[in-house]
Structures are given as C-alpha cells and as structure tokens.
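User: Can you walk me through the aromatic side chains and one hairpin in this structure?

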Amino acid sequence: KTATDSVTNLLAEEKPDGIYLTWLNPNDSDFNHVIVERDGQEVYQGAVEMYVDSDTQEGTTYTYTVTAYDTSNNPSSAISIGFLTNDKTAPASVSDVQVVQTDDKLTLTWQNPSDDVSSVEVYKNNQPEPVYNNGMGTSYEESGFTPYEQVTYKIVTVDASGNKTETTLTFEVQPWLPLAPVSGVTASKTSDSVSLSWTNPD
C-alpha cells in the first residue's frame with residue numbers, strides 16, 4: 001500500500017519550559033498518527049500537531065524527526081529539523097582587579113576567566129557605553145583625573161551567547177603634587193618644654 005504523505009511546516013522554538021515542535025499532519029483520509037524521535041529515540045506518538053521537549057540541556061543541538069503513519073502502519077518519508085538550545089549560564093567574572101595610579105593616570109588591570117568568555121568590556125561611572133571593548137585584553141588606562149576624584153569601573157565578561165557578569169571597583173584618586181610647606185614656624189621655650197607653632201598652607 002502507498003504510504004501516507006509526510007508532515008509539513010515542521011518548526012522548532014525554544015520557550016522557558018522546553019523546545020516546542022509544531023507541524024501539520026497530512027490530509028490523507030487514512031492518516032493515523034505520527035512518531036517523533038529525538039536523536040534517534042522515540043519521544044512521542046500520537047496525532048496532536050505539537051510536542052514539547054522539556055528534558056533539554058543548555059547549548060546542546062538536538063535533531064528531531066517526525067514520521068507520519070497510516071492506519072496500516074505504513075511510514076511516510078521522515079522530516080527532520082535540528083535545534084541548538086540557548087546558553088543561559090553567565091560566564092565567570094574577572095579576578096585580581098587592581099588600579100595603579102601614576103600622577104593623573106590610572107591603569108586598571110585584571111585576569112580573565114580561563115573559558116566561556118568571548119570578550120571583556122569596561123564601563124566608567126555607570127556610563128551606558130563602554131570605555132573599553134577590545135576583545136580579551138587585561139588592562140585599560142586613562143589620564144586627566146584630579147585629586148580626590150571618585151572613579152567607579154565596571155568590568156563585564158561576555159560569553160558567546162551574550163550572557164554577562166559584572167565586577168565593580170571604586171577608586172579615589174590621590175594627590176600626586178607635593179603640598180606646600182608650612183610657614184611661620186616659631187619655637188618658644190619654657191623651663192621644662194618647647195612649644196612649636198606654624199601656619200598651614202592654603
């Protein structure tokens with residue numbers, strides 16, 4: 001006997017509770033059911049035009065095959081679709097973050113995670129755009145700061161799926177020019193002590 005037609009419009013979509021497969025069953029009068037296989041293992045048998053696979057892992061490719069059967073259990077040609085699940089796990093953060101000041105210049109350094117990171121971004125003072133976005137570097141420097149200025153850096157690791165992890169550090173710029181000396185130093189002696197007085201710089 002001639003087999004039934006194949007299913008059509010086979011689609012796959014990932015939702016929070018799993019991968020949703022949908023299709024259209026053939027219009028043959030003797031169509032009976034379909035069998036869905038995942039990577040060669042049967043996971044569904046029935047006539048409903050949808051199957052939800054809730055037993056999946058992140059960042060994994062699955063191949064689904066849908067075969068229609070008629071009332072005599074003759075199989076149609078199989079229709080297959082591959083699907084890569086999303087990676088939802090954030091990467092590790094940077095480590096050993098340090099800031100070194102040289103006069104009005106700050107040098108920010110860090111160590112990148114060993115895996116699952118595709119790029120590093122540096123943001124300054126909650127600005128929306130990064131001041132550094134240059135792949136997998138491990139340092140960033142800039143100058144023009146003033147004494148006692150508060151600077152907050154946010155170092156963000158990004159994986160291939162766009163997941164991000166932030167590390168924040170705040171630094172206060174220290175004065176690098178020598179202070180003016182005190183003036184008007186005087187000393188007065190009493191019988192058992194010496195008193196000093198002076199005028200602080202402006």
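Analyst: Rings come next, then charges over rings, then the hairpin. This is a predicted model, where local features need pLDDT of at least 70, side-chain atom pairs count only at pLDDT 80 or more, and totals for chains, interfaces and linings use all residues. Residues are numbered from 1 along each chain as its sequence is written, and side-chain values use heavy atoms, with hydrogens and water left out.

User: How many aromatic pairs are there?

Analyst: Six. Rings of Phe, Tyr and Trp (its six-membered ring) pair if their centres lie within 6.5 Å; planes under 30 degrees apart are stacked, over 60 edge-to-face, the rest tilted. Trp23 and Tyr44 make a tilted pair, at 6.3 Å between centres and 55 degrees between planes.

User: Where do Trp23 and Tyr44 sit in the chain?

Analyst: Trp23 is in strand β2 (residues 18-24) and Tyr44 in strand β4 (residues 41-46), 21 residues apart. Strands are DSSP runs (E, at least two residues), numbered from the N terminus.

User: Is Trp23 buried or exposed?

Analyst: Buried, at 3% relative accessible area. Tyr44 is buried too, at 16%. Buried means under 20%, exposed over 50%, partly exposed in between (1.4 Å probe, protein chains only).

User: Which charged end sits over the ring of Tyr20?

Analyst: That of Lys15, 4.5 Å from the ring centre. The rule: NZ of Lys or CZ of Arg within 6 Å of the centre and within 35 degrees of the ring normal.

User: New topic. How many bridges join β13 to β14?

Analyst: Nine, and the strands run antiparallel. Pairing takes at least two DSSP bridges. Val156 stands opposite Glu166 in β14.

Terms used:
Helix = DSSP H or I, 4+ residues; strand = E, 2+ residues; numbered from the N terminus.
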